[in-house]
Amino acid sequence: MVNQNGEIVGIITQTDLFRVLISLTGVGSRGFQFAFQLEDHPGSIKEVADIIRKYGGRMVSILTSYESAPQGYRKVYIRMHGIERPKLQQLKEELSRNAALIYMVDHRENIREIF
């Protein structure tokens, strides 16, 4: 980084960038991650988030991308914790009825499911 006089006042390293990325994505959280393909309209993420909250889920991060999504859709990645494991299957079923699930990762148990 340089100041307004063009003098070097700091250096951003690759490690600094990785730390920011980990912090923004919530990778350090040992919860669950769900990936969805949602219609790109106002409120589509809220509909899914409301279901997750109903099961006690606390969202750590929500990321979206239009890359490789069909026209009118977007990919949404939600990382969460606080879901009681006995309720996980019921949560997956309700999410599947209301959104197109792509995958789910249980980071604590190292389980991955592709839908």
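The following questions and answers concern the nonpolar core and aromatic pairs of a predicted model.

Biologist: How many residues does the largest nonpolar core have?
Modeller: Phe34, Phe36, Val48, Ile52, Ile83, Leu91 and Leu95 have the most contacts inside this core. At least two core residues come from each of β1 (32-39), α2 (44-54), β3 (73-81), α3 (88-98) and β4 (100-106). The residue count of the largest nonpolar core is 19.

Biologist: Is phenylalanine 36 buried or exposed?
Modeller: Leaving aside neighbours within four places in sequence, phenylalanine 36 is in contact with residues including Val48, Val76, Ile78, Leu95 and Ile102. Buried means under 20% relative accessible area. Phenylalanine 36 is at 0% relative accessibility, so this residue counts as buried.

Biologist: How many aromatic pairs does the structure hold, and how are the rings of phenylalanine 34 and phenylalanine 36 arranged?
Modeller: The structure holds two aromatic pairs. In the pair of phenylalanine 34 and phenylalanine 36, the ring centres are 6.1 Å apart and the planes are at 20°. Planes under 30 degrees apart count as stacked. The arrangement of phenylalanine 34 and phenylalanine 36 is therefore stacked.

Biologist: Which parts does the pair of tyrosine 77 and tyrosine 103 tie together?
Modeller: This aromatic pair is tilted, with 6.4 Å centre to centre and 40° between the planes. Tyrosine 77 is partly exposed at a relative accessible area of 23%, and tyrosine 103 is partly exposed at 24%. Because tyrosine 77 and tyrosine 103 lie in different strands, the pair ties together parts 26 residues apart in sequence: strand β3 and strand β4.

Notes
Residues numbered from 1 in each chain as written. Predicted model: local features only at pLDDT ≥ 70, side-chain atom pairs only at ≥ 80, totals over all residues. Heavy atoms only, no water. Core = buried A, V, L, I, M, F, W, Y, C linked by side-chain atoms within 4.5 Å. Buried < 20%, exposed > 50% of the residue type's maximum accessible area, 1.4 Å probe, protein only. Helix = DSSP H or I, 4+ residues; strand = E, 2+ residues; numbered from the N terminus. Contact = heavy atoms within 4.5 Å. Phe/Tyr/Trp six-rings, centres within 6.5 Å; stacked < 30°, edge-to-face > 60°.
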